[in-house]
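Welcome to a short set of exercises, each with a worked solution. Keep the sequence and the model side by side, and try each task before you read on.

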Amino acid sequence: MAINQKPGLKQSSLPLLLFCLVSLTQLLVAASAQVTDSKSTQPNVLLALQGADYSTLAIPASSSANNDAVNAPQIADNTQPITAGSPHPANNNLPVASQPAISSPTTSSSATPFAPEGDLRRAFPSPYDSVFPGTEFLGPTIGVPDTDPVYPLEAAIYQACPALQKARIKIYGWANPGMDYSTSHHSNIPLTYAIVPNRLELDQLILRFERTPDTVQTEHKDWGFRVTNLFGLDYRWTTALGWYPASRELLNHNYQYGYDPVELYGQLYFPKIAKGMLLKFGRYISPPDIEAQLAPDNYLWTHSIMFTVDAYTHTGIESTIKLNNQWTIQGGIHAGDDMAPWAPGAIPTAEAYIRWVSKNNKDSFYGGVDSINNGRFRLAKEVERAAAVAAFTGMPATKIPAHDNLQQFNLTWSHAFNSRIHTTTEAYYLYTFDALEGGTVNNGPPKPFAALTGPGAFLPGYSQAWGVVNYTQFKISNKDFISVRPVDYLGDVRGWRTGFPTTYASWTIGWTHRFSDLLSFRPEIRYERALNGHQNPYDNGNRRYQFTFGADLIQRF
């Protein structure tokens, strides 16, 4: 959620939060040695098959350190599902099309609490190594098993209530503190999410309840849900108008820390529609970005400038249909970017995306329309009328919850050189009509780390913004990878997105080290600046550029 320069806090709660965080971390580190990673290390037997197509093949998930399944040949589309590692002994030397059909199994020796079929999948092999935050190309996946480990909190709960494990209901979370050194003194904005310079902050404290539908099997319908509770500094960017208490804490009071139910949705899986359909309804993350709101899903600690000002969550209904292993389509309707259906200014908004993966499993495109409606900034004219009445009467202006109404179009290309090295590039275009400078209005009081609150100047007519970002990743070891963000540009020529009419660029390099499945450390170095317009958007309008060095920890539980 891009806000007219976001932020505030009840600072007295911070020492208690940090004390609890440190205590929790000590307990969880002690428990981390007992966690078993359920991901299979079974070798991919399909690498030996020639002349082929993966389309209906049940194959093992990619999780080994040396997996180069991205280079695997294709297997004919008309083959039957094959049990991983179990070809017919008498026919090992025959072409695949000549081998007798083998039925798709319902269980596997590699079955886990959350993946009844084990490491079998109805999809191409995972293109990325498991050291990275995700092993799949960007976009929705159907036919991929849930290979999450059982985290310490779940293990304790399952001992007390085995029925939850049998029902595949997961309960887990993480704590994510971070600290930076910055050349800015008061505010790092438009850097996100670490907006408070030179201080230790609690970015996220997450507790999640979840059941993932089993989309590997095709015999019966299934269901799922996700409830993600977020407390911390990062609620400032997930807040959606009408979702409380975050909407009130940020847009009325400008608290630095707050609580937001950032994900709250149900899912229904229909295996007989095409190659499978997932129906999602409720509040969910806006689909098309490389980056995500939740810490474990990102390559770096900080975010690109372009990601800071696009859509964060939708509230509505979304359908995902798998046509085959190469093509997946999505469509839905929601209440507008970062707005609940009951919020002032909510408006029916369409979304539609297409995901394509190449036959050699090295390239993918994912993109489409994130939001399209009449394009009018919500309640901007009401803000103008309130200002006119205040000027006439001499009374304070009525606070109006004016809100962005992004019209957003995204396209992302991903390329895997092999399982150890990959690159992903995203571009978007945004527009709206009759906007306010700085976007969504924060009606709370100014705070040192975000002093520019209240409604911005009215911008009649057409306002646009564009952005492009690249991430390139290199696996260094089974516990380490380097991520480079060499391209991050945002064009905000009227100041609609940031409050400053200029073009921005940033350059970042970071390292992730995984001490275990539970604990990760992510230091990074970043430099950014405004490129034109003689604007000073950093440190509350006092600096044209900014250098930061910082790091965060992700402690799972």
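Which residue in β12 is the bridge partner of Phe365?

**Solution.** The partner of Phe365 in β12 is Trp413. Before going further, some ground rules: this is a predicted model, where local features need pLDDT of at least 70, side-chain atom pairs count only at pLDDT 80 or more, and totals for chains, interfaces and linings use all residues. Residues are numbered from 1 along each chain as its sequence is written, and side-chain values use heavy atoms, with hydrogens and water left out.

**Exercise 1. Place the Phe365–Trp413 bridge in its strands, then work out what lies on the other side of β11.**

*Step 1.* Helices (H or I, at least four residues) and strands (E, at least two) are DSSP runs, numbered from the N terminus. Two strands pair if DSSP finds at least two bridges between them.

*Step 2.* β11 pairs with strand β12 (residues 407-416) in the antiparallel sense, over eight bridges.

*Step 3.* β11 also pairs with strand β10 (residues 349-357), again antiparallel, over seven bridges. Here Arg355 has Tyr366 of β11 as its bridge partner.

*Step 4.* Now look at the link from β10 to β11: they form a hairpin with five residues between them, and Asn361 in the turn has a positive phi of about 65°.

**Exercise 2. Find residues with backbone geometry that deserves a second look.**

*Step 1.* Start from the background: most residues other than glycine have a negative phi, and most peptide bonds are trans.

*Step 2.* Go to the loop between β3 (170-182) and β4 (200-211), where Pro190 lies. A cis peptide bond joins Ile189 to Pro190, with omega about 15°. Tyr193 is in the loop between β3 and β4 too, and a cis bond with omega about 0° joins Thr192 to Tyr193.

*Step 3.* Turn to phi. Leu379 has a positive value near 70° and sits in the loop between β11 (363-372) and α7 (380-393). Asp434 is not a glycine either, yet its phi is positive at about 55°; this residue is in strand β13 (residues 421-436).

**Exercise 3. Which residues of helix α2 (residues 152-160) are buried, and how are they arranged around the axis?**

*Step 1.* Use these cut-offs: buried means under 20% relative accessible area, exposed over 50%, and partly exposed in between (1.4 Å probe, protein chains only).

*Step 2.* Pro152, Glu154 and Tyr158 are buried. Seen down the axis of α2, the buried residues fall within an arc of 160°, so they line one face of the helix. The arc is that of the directions from the helix axis to the C-beta atoms.

*Step 3.* Gln159 and Ala160, on the other side of α2, are exposed.

**Exercise 4. Trace the salt bridges of Lys170, then follow them into a network.**

*Step 1.* A salt bridge is a side-chain nitrogen of Lys or Arg within 4 Å of a carboxyl oxygen of Asp or Glu. The whole structure holds 18 of them.

*Step 2.* Lys170 meets Asp148 at 3.0 Å, N to O. This pair links distant parts of the chain, with Lys170 in strand β3 and Asp148 in the loop between β2 (120-121) and α2, 22 residues apart.

*Step 3.* Check burial: Lys170 is buried at 2% relative accessibility, while Asp148 is partly exposed at 24%.

*Step 4.* Lys170 forms a salt bridge with Glu210 as well, the closest N and O atoms being 3.6 Å apart. Glu210 is in strand β4, 40 residues from Lys170 along the chain, and both residues are buried.

*Step 5.* For another pair, take Asp260 and Arg283, whose side chains meet at 2.8 Å, N to O. Asp260 lies in strand β6 (residues 258-270) and Arg283 in strand β7 (residues 277-285), so the pair ties together parts that are 23 residues apart in sequence. Asp260 is buried, with a relative accessible area of 0%, and Arg283 is buried with a value of 0%.

*Step 6.* Finally, salt bridges that share partners join Asp146, Asp148, Lys170, Arg208, Glu210, Arg226 and Glu263 into one network.
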